[in-house]
Each structure stands twice: as C-alpha cells, then as structure tokens.
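User: Could you take a close look at the salt bridges in this model, and explain each term as you go? I am new to this structure.

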Amino acid sequence: MERILVSACLMGRKVRYDGAAKTSGDALLATWREEGRLVPFCPEVEGGLPVPRPAAEIEGGAGGAAVLAGTARVMAADGSDVTREFLAGAHAALAAARSSGARVAILKEGSPSCGSLAVYDGTFRGRRLPGSGVTTALLELHGIAVFAEDRVADAGVRLRELEA
C-alpha cells in the first residue's frame, strides 16, 4: 500500500503559523486516512518553529529552490531569518517520506514550506507568485510528487500509476 505524506494542518492539527488548522473535507483524503495511508507532517513545526509564530515568506517570492540553493532566505514578518528552520523542516519531511515509503505528498498550498503552485512574494502584502515552497522543492528534487490540497484527485491518479 502506497503511503502519502500530508500537511498536518489538513488533518485538523493546529500547527499553522496562526495556531489554526485548515482541515480538509476531501472524501478521497478521508478514505486514505481510514486506510492508514496518510503520514501527517508539519515541516515548520518539525523544523523547530513554535505555534503560533509570525507569518513567513520567501524573499522576493524566489521559491523553495532558491532557498535550497542558498540564494534566498525565508523571513518572518517580525524581521527574523527563519531559513534554518525551514530547511531543517524540509529535510525532516524528506526523511519522513523516505522512512514511510511515501512517493506522493499532499501539501497546503501557499505555504512557504508546502506551496506547490504559488508562494507569497516576500512583501507580506498578500501577493502571490508562481512557485513552490522549500519542502515541496526538496521533495520534488528527490522524486516525490507533490499536489496541493485542491488536487487530491490528481494525487489519486498518481497513486494508481504507482500501484499498477
């Protein structure tokens, strides 16, 4: 049975920067949860950040690959550099995926860790740019397919391909 790494906030865990969850009501995700396929994980918490915590964005909306390459930082709204914690969390997520055998991840869109389609532009003004978060970039670099929470059906297609 294929396992799926999933953002813990989507499973109802209150781990987001604002102390909230973003619980998904997706029926397929609920089925996978019942089957024991899901590996809930929050890279920001695992990287050492508290709950709640200041919002964070990647400088210039550069994306996770730039953070991995050392050419951009992750900055918190209070001005602190949280790059180290985001990198630690990304590597912990990769380790969790590897240890569980997960080759698919469903992560929270828009997050500087988990976004797969867009990230905020680094100005804390609510503007998004195409790109991925730090964890997503690292997982994809290692062959793990990442899907946003509104693309669970696409993740299901990928799972069927892997199980064929």
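Analyst: What follows looks at the salt bridges, and then at one packed pair of helices and at the cysteines.

This is a predicted model, in which local features need pLDDT of at least 70 and side-chain atom pairs count only at pLDDT 80 or more, while totals for chains, interfaces and linings use all residues. Residues are numbered from 1 along each chain as its sequence is written, and side-chain values use heavy atoms, with hydrogens and water left out.

The structure holds 11 salt bridges, a salt bridge being a side-chain nitrogen of Lys or Arg within 4 Å of a carboxyl oxygen of Asp or Glu. One of them joins Arg 103 to Glu 2, with the closest N and O atoms 2.3 Å apart. This pair links distant parts of the chain, since Arg 103 lies in the loop between α4 (83-100) and β5 (104-107) and Glu 2 in the segment before β1 (4-7), 101 residues apart; helices (H or I, at least four residues) and strands (E, at least two) are DSSP runs, numbered from the N terminus. Glu 2 is buried at a relative accessible area of 10%, whereas Arg 103, at 37%, is partly exposed; buried means under 20% relative accessible area, exposed over 50%, and partly exposed in between, with a 1.4 Å probe and protein chains only.

Arg 16 and Asp 18 also form a salt bridge, their closest N and O atoms being 3.8 Å apart, and here Arg 16 is buried at 17% relative accessibility, while Asp 18 is partly exposed at 41%. In the salt bridge between Asp 121 and Arg 127, the N to O distance is 3.0 Å; Asp 121 is buried at 11%, and Arg 127 is partly exposed at 43%. Glu 35, Arg 37 and Glu 163 are linked in a network of salt bridges.

Helix α1 (residues 27-35) and helix α6 (residues 152-163) pack at an angle of about 50 degrees, with their axes 9 Å apart; axes are lines fitted to C-alpha atoms, for helices over the stretch in contact, and angles run from 0 to 180 degrees between N-to-C directions.

As for the cysteines, a disulfide is a pair of cysteine sulfur atoms within 2.5 Å, and by this rule the count is zero. Cys 42 is in no disulfide, the nearest cysteine sulfur being that of Cys 114, 6.7 Å away. Cys 42 is buried at 12% relative accessibility, and Cys 114 is buried at 5%.
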